[in-house]
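Colleague: I am new to this one and would love a friendly tour. Could you put it on the screen so that we can go through it together?

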Amino acid sequence: MNRLSALRLFCSQVLAILGKDIRYELRSKQTWLGMGLFALLVFVIFNFAFDLRVENRAAVAPGALWVAFVFASLLGLGRTIAAEREGGSLDRLLLCPVDRRAIYLAKLLGNLLFIGIVELVALPIFAALFAVPLFSGELLPIVLLGTLGVATIGTLFSAMTAATRARELLLPLLVFPLIVPVVIAAVRATGALMIAAPNEPPWLGLLAAFDVIFLSLAFLTFSYVIEE
Amino acid sequence: MTYTGSNERSKQTSGEGSSEQSLLTQEARRQVTGRPLVEIQGLSKSFAFRPVLRGIALSLWAGERLALLGANGAGKTTLLRILACLTRPTAGQALVAGLDCVQDAQEVRRLVGLVAHQPYLYEELTALENLLFFARMYGVARGRERALSLLERVGLARRARDRVGSLSRGQLQRLALARALLHRPRLLLLDEAETGLDEAGTALLSALLAEHMADGGTLILTTHRPEFALQEADRLVMLKGGRIVYQEATAGLDLSQVRWAYQEVVG
């Protein structure tokens, strides 16, 4: 098999797994609904809990936004590989002559899609509830890069914890410490959109750097994580 | 009790599942293929320091049909999982078509089809969607055509658009067979595949195995039914405690002999 046909097969396999996951999710509706409702609940609770006034909204809003996104993402990330193990096992996928990186890439793209849709629905509601001017062109790359960072690590660790009985407990315990830099960078970058702060580090660049590092590590280690 | 080396089967003993390929002598196979399709040397596997396979040595020529028998926990499934590259051996080596099941796992996976205890299907997808998905995973040319023809062949054409979750145990097993045959594997591994099949299903399984052999395939099956092993295999291998304790060509054996040997091994 030459490189071109190998690449073609790789892409076909990624799309096949992604398509299967989307079809599966559209039928089971387990992940999207859970994630979306969770994000909305967090917004509502934060809105009431902080008793926000005009002057402190901008200070609290970015944190509330990313806490909601991160927690909602973890709900979906836990399902990524766990759904593969239900009603059978991961073996049905591992039995196939598929590059393990293709499995990772497909699962990552699926997670980005699921989280992205939840964010797309949640953002306007958040903006309305918190009355903050969130919609600017610069928010898009922050959300994209922040989500990519969370999904990259989350997808890797969901594969690691899927075989364990306490995966719902283990996944956040393993993922949260690792995504702290991503969350800090995303919150500060989002905050900088609302209140311009001098001498801020280039948060967007840091987010991109974290993503590249996490993505490289995940690609290198995924086959060891997923195989016996 | 040791394997005699004589694999020649008469048409009288080959049963319905026989094929021209399975009538080849071991010598003829050697001349045609040069080296065994499956070569296992010193294969051991332990789970958490509990040995499941201990120094298995086995070879299988292309076109041969091997039945593995033994009590639960004897190591049959583990051996198949190693050949399907789902489990890594603790020691020793397993080669399929000269390819190492650990080092060349991706290439070996293309050559192997597995029907296991679990059907390895997605419940939320339809029967056809499942086969189309696996066709893409294996890079099967004209996947849709192949999937539809296999659904027809296993008698599930009418259930093609039904979700797998709604199929009965026997229908799941038929679909699992179709999945395993989708990419025309050279080596078919069946782990108690006859379980859950009714009489018609078992006849279909035998017919599919005959077609697989006629296409030049090779077969390793595990079973707890000596009569099924005698009907579908050229050679019987019995495992006990992860070791081969019995190896015999089925030619010349009758059911009572196989049952006796099986009872001796299983205890």
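Colleague: Which residue stands opposite Gln41(B) in β4(B)?

Modeller: Happy to start there, and please keep in mind that this is a predicted model. Strand β1 (residues 38-47) of chain B is joined to strand β4 (residues 91-96) of chain B by five bridges, and the two run antiparallel. Across from Gln41(B), in β4(B), stands Gln93(B).

Colleague: In what order do the four strands of that open sheet in chain B come?

Modeller: Strands of a sheet pair through backbone hydrogen bonds, either parallel or antiparallel. Here the pairing is antiparallel. The four strands of this open sheet in chain B follow the order β2-β1-β4-β5.

Colleague: Which strands of chain B stand at the edges, and why is one side of each left without a neighbour in the sheet?

Modeller: The sheet is open, with the order β2-β1-β4-β5 in chain B. A strand at the edge here has a single partner strand, so one side of it has no neighbour in the sheet. The edge strands of chain B are β2 (50-60) and β5 (99-100).

Colleague: Stepping back to the whole chain, what percentage of the residues in chain B is buried?

Modeller: Chain B has 10 helices and 10 strands. Of its contacts between residues at least 6 apart in sequence, 70% join residues at least 24 apart. Chain B has 267 residues, and the buried share of them is 50%.

Colleague: Which helix gives the most to the side of chain B that touches chain A?

Modeller: On this side, 22 residues of chain B are in contact with 20 residues of chain A. Both α4 (105-111) and α5 (127-138) of chain B supply at least two residues each. By class, the side of chain B that touches chain A has 12 nonpolar, four polar and six charged residues. The helix that gives the most, with five residues, is α5(B).

Colleague: Now for chain A: is α1(A) oblique or roughly parallel to α5(A)?

Modeller: Helix α1 (residues 3-28) and helix α5 (residues 100-130) of chain A pack with their axes 8 Å apart, at an angle of about 40 degrees. Angles under 35 degrees would count as roughly parallel. That makes the arrangement of α1(A) and α5(A) oblique.

Colleague: How many nonpolar residues does the contact of α1(A) with α5(A) have?

Modeller: The crossing of these two helices, α1(A) and α5(A), is right-handed. Among the residues making the contact are Phe10(A) and Ile17(A) of α1(A), and Leu105(A) and Phe114(A) of α5(A). Besides two polar and two charged residues, the contact of α1(A) with α5(A) has nonpolar residues numbering 11.

Technical notes. Residues are numbered from 1 along each chain as its sequence is written. Chains are lettered from A and ligands numbered from 1 in the order in which they are written. This is a predicted model: local features need pLDDT of at least 70, side-chain atom pairs count only at pLDDT 80 or more; totals for chains, interfaces and linings use all residues. Two residues are in contact if their C-beta atoms, placed from the backbone, lie within 7 Å. Ala, Val, Leu, Ile, Met, Phe, Trp, Tyr, Cys and Pro count as nonpolar, Asp, Glu, Lys and Arg as charged, and the others, Gly among them, as polar. A residue is buried if 20 or more other C-beta atoms lie within 10 Å of its own, exposed if 12 or fewer, and partly exposed in between; C-beta atoms are placed from the backbone. Two strands pair if DSSP finds at least two bridges between them. Axes are lines fitted to C-alpha atoms, for helices over the stretch in contact, and angles run from 0 to 180 degrees between N-to-C directions. Angles under 35 degrees count as roughly parallel, over 145 as roughly antiparallel, 65 to 115 as roughly perpendicular and the rest as oblique. A crossing is left-handed if the near helix is turned anticlockwise from the far one by less than a right angle, and right-handed if clockwise.
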